[in-house]
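Visitor: Could you take me through the aromatic pairs of this protein, with the angles and distances that describe them? I would like a close look at that one part.

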Amino acid sequence: MISVTHIERFAIHDGPGIRTTVFLKGCTLCCPWCANPETQSSQPVLLHDMRKCVSCHTCEQSCPQKAIHFQKGRFHHDAQRCNGCQSCVEMCLQDALQLRGEDMESEAILHEVMKDKDYYDMSHGGVTFSGGEPFYK
């Protein structure tokens, strides 16, 4: 199993041609300039998009672990309490929350990236593995 943050299709900035970028999880370096800090932990990470959030508190009310709260109008998430159940993600009508990170078999990753093989062939693109470390657990 390989821990994957997410798979981004039609990536044009991660190498030549049209590419699919597979962002992996787990990195022990934790560089302060890291462009993808959600890849550092090997555990799933809850991402909050404040541009989409309307502060309706539905996520807070739906979290059985009480891992979400709003303080002075700002979203706060306690990763120690979160068990990754995704009830907050499912209840968010604004799609302001995403849980990033899942274990995938290499065959499932290959199946996903091969969906764009025609684009790779036409544009001399391919696949880029980025983010964390495939052998980190």
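**The aromatic pairs**

Guide: In this predicted model, the structure holds two aromatic pairs. In one of them, the ring centres of Phe 10 and Tyr 119 lie 6.2 Å apart and the ring planes stand at 85 degrees to each other, so this pair is classed as edge-to-face, given that planes over 60 degrees apart count that way. Phe 10 belongs to strand E1, which covers residues 2-11, while Tyr 119 belongs to helix H4, which covers residues 117-123, and the pair therefore ties together parts that are 109 residues apart in sequence. As for the surroundings of Tyr 119, its relative accessible area is 42%, so this residue is partly exposed, the range for that class running between the 20% limit for buried and the 50% limit for exposed.

The other pair joins Phe 70 and Phe 75, whose ring centres are 5.8 Å apart and whose planes meet at 80 degrees, so it too is edge-to-face. Here both partners can be placed by their accessibility: Phe 70 is buried, with a relative accessible area of 14%, and Phe 75 also counts as buried, at 16% relative accessibility, because the cut-off for buried is under 20%. Taken side by side, then, Tyr 119 in the pair with Phe 10 is partly exposed, whereas Phe 70 is buried and its partner Phe 75 is buried as well.

Conventions
Residues numbered from 1 in each chain as written. Predicted model: local features only at pLDDT ≥ 70, side-chain atom pairs only at ≥ 80, totals over all residues. Heavy atoms only, no water. Phe/Tyr/Trp six-rings, centres within 6.5 Å; stacked < 30°, edge-to-face > 60°. Helix = DSSP H or I, 4+ residues; strand = E, 2+ residues; numbered from the N terminus. Buried < 20%, exposed > 50% of the residue type's maximum accessible area, 1.4 Å probe, protein only.
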